[in-house]
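The following exercises concern strand pairing, nonpolar cores and aromatic contacts. Please work through each task before reading its solution.

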Amino acid sequence: MLKNFMLKNFWYACEFSAEITNKPKQVLIFNQRFVLYRNFQGQIIALNDQCPHRGAAFSLGWIEKDCLRCPYHGWKFQADGQCIEIPSNAPGTPIPKKARVDNYPIQEKYGFVWLFYGDLPEAQRPPLPTFPEDMVSTMRPVYDHSIDNANYARLMEANLDFTHVIAVHKKSFGQRIPINKTIKYQVEKYDWGAVAKVNYESLGNAKNFLNFLLGGRPELKTKLTLYLPNVTLAEISVGRGSRFDIKFGILVAHLPIDENKTRVKRVLYRNVLPLPWLDGFFRNIDHKLAQEDTVVVSTLTSQSIPKISDELHVAADALDITFRQFLQKHQAGFPLSQHNQQQHSIHPSKLMF
């Protein structure tokens with residue numbers, strides 16, 4: 001089995017920006033507690049959510065002049081993690097050197113809070129991922145979150161799988177996906193992740209309103225992208241390559257709570273009916289489809305990801321296998337290259353075991 005722990009020297013999409021206020025909020029990743037809050041300037045501060053005195057959670061405390069007060073004995077900590085006041089000590093008593101906690105670099109982008117977990121200096125840290133500009137600038141976003149009783153990497157594999165839709169989503173939309181031949185594709189692999197595309201000839205022969213609206217039998221184009229360590233993006237286009245095509249983007253951040261539980265943050269982008277009063281309708285649909293994945297993934301015999309050689313694979317599994325290769329590489333302690341961002345193709349035949 002591949003070990004489950006936080007991969008070092010990556011930016012983790014850990015929360016929606018709108019969720020972080022001037023009140024401390026706990027973020028849990030692999031049972032490691034972080035506390036996030038905004039200072040008076042609106043900047044987000046991130047610290048280890050465990051007081052070095054007795055181990056109480058800062059997230060139960062309060063903010064005082066941009067500093068964080070421990071809820072147990074009131075010790076006061078600056079944004080850099082240094083304790084500057086111990087109420088039970090007389091004024092002028094030196095603060096113990098060990099009275100400090102780790103702090104973490106933070107960035108905000110695309111409506112997410114990104115927390116850097118690692119020890120690289122700022123100049124050597126990888127950049128934040130870049131999402132499609134037309135998606136984030138022109139399409140309507142809808143936000144949703146859930147706690148799923150399944151392993152985070154297993155859920156990510158489902159989001160990187162081109163063919164599960166005909167079975168997992170059979171009762172919703174999967175019956176319209178024309179998969180009746182071997183699915184093969186190439187994986188473009190980067191330091192930060194991987195991307196692959198699969199196009200289907202049409203959504204069937206039926207004469208229906210969608211076909212009439214799009215001027216004929218529409219083509220289904222799918223693009224799945226992995227952004228290490230915990231983000232996936234599905235781009236879906238239905239149409240004939242015109243400005244009338246229906247497009248969706250499904251962006252998902254997976255926060256592993258433990259081996260069998262994941263906090264999921266989802267953003268559904270759409271160009272169809274981008275009216276605010278319809279957000280709830282699309283949110284409910286997206287949530288329902290996501291739970292169809294979770295119901296199946298939660299039943300997998302092994303929630304921890306097996307080694308590649310421990311399971312059977314076919315050509316359509318190429319992107320999932322690439323994800324497992326990344327996990328094996330980084331869990332073994334290989335560093336992320338900072339200067340090799342060139343892409344290269346991986347043919348499925350080279351990934352078979």
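**Exercise 1.** In which sense do strand β6 and strand β7 pair, and over how many bridges?

Solution. The model is predicted, with local features requiring pLDDT of at least 70 and side-chain atom pairs pLDDT 80 or more, while totals for chains, interfaces and linings use all residues. Residues are numbered from 1 along each chain as its sequence is written, and side-chain values use heavy atoms, without hydrogens or water.

Step 1: strands are DSSP runs of E with at least two residues, numbered from the N terminus, and two of them pair if DSSP finds at least two bridges between them.
Step 2: β6 (residues 67–69) and β7 (residues 76–77) are antiparallel and share two bridges. Leu68 has Phe77 of β7 as its bridge partner.
Step 3: both strands belong to an open four-stranded sheet in the order β5-β6-β7-β8, paired antiparallel. Because β5 (62–64) and β8 (83–85) each have a single partner strand, one side of each lacks a neighbour in the sheet.

**Exercise 2.** Trace the pairing of β14 and characterise Thr232 in strand β15.

Solution. Step 1: β14 (residues 219–227) runs antiparallel to β13 (residues 193–200), to which eight bridges join it; Gly193 is bridged to Tyr227.
Step 2: nine bridges connect β14 with β15 (residues 231–239), again in the antiparallel sense, and a hairpin of three residues joins the two. Lys223 has Glu235 as its bridge partner in β15.
Step 3: Thr232 has a relative accessible area of 1% and is therefore buried (under 20% relative accessible area, with a 1.4 Å probe and protein chains only). Leaving aside residues up to four places away in sequence, Thr232 touches residues including Met156, Thr225, Ile250 and His254 (contact: heavy atoms within 4.5 Å).

**Exercise 3.** Which parts of the chain does the aromatic pair of Phe34 and Tyr104 tie together?

Solution. Step 1: the whole structure contains 17 aromatic pairs (Phe, Tyr or six-membered Trp rings with centres within 6.5 Å; stacked under 30 degrees between planes, edge-to-face over 60, the rest tilted).
Step 2: Phe34 and Tyr104 form an edge-to-face pair, at 4.9 Å centre to centre and 75 degrees between the planes. Phe34 lies in strand β3 (residues 32–38) and Tyr104 in the loop between β8 and β9 (106–109), so the pair ties together parts 70 residues apart in sequence.
Step 3: both Phe34 and Tyr104 are buried.
Step 4: by contrast in geometry class, Trp114 and Phe131 are tilted, at 6.3 Å and 45 degrees. Trp114 and Phe131 are likewise buried.

Key
Buried < 20%, exposed > 50% of the residue type's maximum accessible area, 1.4 Å probe, protein only.
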